[in-house]
Amino acid sequence: MKKDKLVIGGHEFQSRFILGSGKFSLEMTNAVIQNGGVEMATLALRRANVGGEGNILDYMPENITLLPNTSGARTAEEAVRIARLARELGCGDFVKIEVIHDSKYLMPDNYETIKATEILAKEGFIVMPYMYPDLNVARSLESAGAAAIMPLGAPIGSNRGLLTKDFIKMLIDEIDLPIIVDAGIGRPSQACEAMELGVDAVMANTAVATAKDVPLMATAFRLAIEAGRSAYLAGLGRVLESKGEASSPLTGFLQD
Amino acid sequence: METKMDHMVYLDYMEQVDSDIMERVLDTVEQYDYNTYIVEDVKAALCKDKLDIDDFGALLSPAAMPFLEEMAQRAQKETRAHFGNAVSLFTPLYIANYCENNCIYCGFNCKNKIHRGKLSMEEMEKELQSISKTGLRDILLLTGESRHQSDVKYIGEAVKLATKYFALVGIEIYPLNTDEYAFLHECGADYVCVYQETYNTDKYEEMHLSGPKRIYPYRFYAQERALKGGMRGVAFGALLGLGDFRKDAFATGLHAFYVQRKYPQGEISFSPPRLRPFINNAEENPKDVHETQLLQVMLAYRLFMPYAGITISTRERAGFRDNVIGMCATRISAGVKVSVGGHEEEAKGDEQFEISDDRSVAEVLSSIESLGLQPVFLDYIRV
């Protein structure tokens with residue numbers, strides 16, 4: 001059987017659990033990454049206090065692929081500048097675009113996100129835009145050069161699960177890039193559900209960070225994501241309606 | 001007899017913005033009678049996913065007092081969801097304490113005989129260097145309110161100097177016009193704190209006997225002008241205990257709520273100071289805002305606007321501060337001096353009030369860590 005790998009911008013990953021950092025204690029980073037089998041973790045550049053105290057970069061294991069995000073950017077222009085800064089700091093070519101100018105719901109601005117994606121993709125970044133799941137926007141992001149699409153499941157930090165399920169399904173069906181559910185996943189079962197649907201990976205932060213036992217929750221997410229992936233690959237069986245198959249045929253009138 | 005200025009009429013140089021938020025806040029507060037809420041209102045508010053203005057009123061009412069534990073439990077969940085376990089650290093630096101206002105509750109009151117001073121750029125640089133050695137990256141520059149002694153140009157120079165050592169610079173100075181906020185934003189300032197002290201216009205008039213601070217609406221609209229001037233964040237607060245603290249806290253929340261609706265990009269935060277004893281006026285006591293009431297206010301802010309920051313001041317004792325971070329507060333000052341300068345050189349001017357938590361940055365840091373929270377020195381990138 002062919003090895004099941006996640007490929008983003010030509011880079012291969014075994015793990016489909018992308019870790020959002022920034023909501024749990026930095027000392028726990030390593031344990032969460034180990035237990036979660038995480039290979040890629042986001043990094044808010046605005047938290048990278050380079051050379052200073054509490055620099056999140058100091059806590060990332062060397063073999064992890066960093067996904068710097070542009071959190072704090074309110075416009076495409078600011079996102080572009082933060083991405084360039086991340087590259088200068090040696091964080092690599094991956095970038096997760098976040099453009100938010102709404103302090104209440106923290107909803108991403110899809111329009112500015114497309115603009116930033118286009119500029120950064122041309123500059124050779126591997127661009128992973130965080131977006132509100134809109135099929136037309138996803139298509140625009142794809143043609144702007146995105147390497148993956150990161151639709152939100154629910155408002156960030158809300159732990160409310162796949163509220164946007166039906167719209168994410170459209171992206172899974174229509175977009176050829178990896179679809180990574182980012183934001184809103186509150187429980188391992190929701191991560192599993194997303195993977196069963198056919199998304200390529202799940203990102204979580206708050207759900208892990210707010211658990212009583214953070215490293216154990218990282219383990220739970222790893223297992224749930226693996227289970228969901230296996231279920232997707234296995235092909236889910238039919239789910240019968242509660243009454244079973246209809247008994248009075250509608251096509252009994254046919255006479256050939 | 002000296003005729004007092006009409007506290008509701010703008011002075012010539014004061015810009016008026018196109019907004020009706022003040023009328024809306026004052027009207028709603030006028031209607032707010034916290035004694036009409038009953039236990040059921042509080043219970044209903046606590047069951048809701050999202051609190052409306054009336055729920056906020058219920059949580060601030062005396063009927064909510066027996067529900068502080070429930071409020072705290074829910075507040076902690078909200079704080080964790082929105083901020084994780086991060087707690088931001090900063091320190092204030094008083095660069096001048098000249099003041100033109102006669103505010104009867106304040107240690108910087110222009111009638112108060114205290115040592116006045118302002119830091120020269122050389123002195124300021126030494127202070128900034130000394131503070132930055134503690135690892136802090138976020139600084140709040142404060143002045144007394146004197147446009148003449150500490151003018152906008154002086155503050156602009158101070159902000160520029162501060163950006164050499166700090167990634168995030170805030171200002172807590174007298175209210176400005178939009179173009180002046182834009183100038184200070186250009187210089188490197190990104191957030192503005194202006195406290196209304198009390199939202200009750202009559203009480204405000206009684207407390208602010210003379211000086212430009214007497215003009216209520218100009219102060220009220222400072223946050224809007226700051227956001228129009230490009231500032232990223234604005235802080236709101238009433239000095240609890242000056243007027244009716246429940247009404248003032250209610251007004252503060254509404255003010256912040258309406259400003260956030262109008263400027264959705266603006267980052268909103270609250271500061272809940274309460275009156276502390278101050279120099280030359282030791283007999284003035286905080287009225288009725290004990291720790292319990294203060295916590296009630298902070299929890300109500302958190303539940304009403306779960307996405308807003310809450311800063312906890314060194315006016316409160318260490319034990320209180322350590323317990324509210326992670327529960328509702330998201331930002332804490334450390335290594336605080338409320339005199340002019342005094343981090344590196346001897347202080348050049350007297351303190352505005354007495355602080356109750358004089359722990360160093362390192363001590364606050366280890367407290368935060370021992371609580372299982374994550375101290376954050378930097379959560380901002382200026383591009």
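User: How do the residues lining the second largest cavity divide into nonpolar, polar and charged?

Analyst: Happy to walk you through this one, and please keep in mind that the model is predicted. The structure holds 4 cavities of 30 Å³ or more, and the second largest has a volume of about 700 Å³. Its lining is made of 42 residues, including Tyr94(B), Glu172(B) and Arg315(B). By class, these lining residues come to 23 nonpolar, 11 polar and 8 charged.

User: Which element gives the largest share of the lining of the second largest cavity?

Analyst: A good place to begin is with the elements that give two or more residues to this lining: β1 (86–94), β3 (138–142), β9 (309–312) and β10 (331–333) of chain B. The largest share is 3 residues, and the strand that supplies it is β1(B).

User: Turning to the pockets, which element gives the most to the lining of the largest pocket?

Analyst: The largest pocket has a volume of about 1,300 Å³. Of its 42 lining residues, the closest to the centre are Gly157(A), Lys77(B), Glu78(B), Ala81(B) and His82(B). Three helices of chain B, α4 (68–83), α11 (245–262) and α12 (291–304), each supply at least two lining residues. With 8 residues, the one that gives the most is α4(B).

User: How many charged residues does the lining of the largest pocket have?

Analyst: Let's go class by class. This lining has 19 nonpolar and 10 polar residues. The charged residues in it number 13.

User: What area do chain A and chain B bury between them?

Analyst: The contact takes 29 residues from chain A and 32 residues from chain B. On the chain A side, Arg46(A), Ser103(A) and Lys104(A) supply 27% of the area that this chain buries against chain B, more than any other three residues. Of the area buried between the two chains, 48% is on carbon and sulfur atoms, and the whole is about 2,600 Å².

User: Which residue of chain B forms a salt bridge with Arg160(A)?

Analyst: There are 2 salt bridges between chain A and chain B. In the one formed by Arg160(A), the closest N and O atoms are 3.9 Å apart. Because a salt bridge is counted within 4 Å, that pair qualifies. The partner in chain B is Asp49(B).

User: And how many residue pairs are in polar contact across the interface of chain A and chain B?

Analyst: This count takes in pairs where both residues are at pLDDT 80 or more. Across the interface, the number of such pairs in polar contact is 8.

Technical notes. Residues are numbered from 1 along each chain as its sequence is written. Chains are lettered from A and ligands numbered from 1 in the order in which they are written. This is a predicted model: local features need pLDDT of at least 70, side-chain atom pairs count only at pLDDT 80 or more; totals for chains, interfaces and linings use all residues. Side-chain values use heavy atoms; hydrogens and water are left out. Contact means heavy atoms within 4.5 Å. Buried area is the accessible area (1.4 Å probe) that two parts lose on being put together, summed over both. A salt bridge is a side-chain nitrogen of Lys or Arg within 4 Å of a carboxyl oxygen of Asp or Glu. A polar contact is a pair of N or O atoms within 3.5 Å; within protein, one must be able to donate a hydrogen and the other to accept it, and residues adjacent in sequence count only if both atoms are side-chain atoms. On a 1 Å grid over the protein atoms alone, a cavity is a set of points where a 1.4 Å probe fits but cannot get out, and a pocket is an open set with protein on both sides within 12 Å along at least five of seven lines; lining residues have an atom within 4 Å of a point. Grid points are joined across faces, edges and corners, and a volume is the space filled by probe spheres set on the points. Helices (H or I, at least four residues) and strands (E, at least two) are DSSP runs, numbered from the N terminus. Ala, Val, Leu, Ile, Met, Phe, Trp, Tyr, Cys and Pro count as nonpolar, Asp, Glu, Lys and Arg as charged, and the others, Gly among them, as polar.
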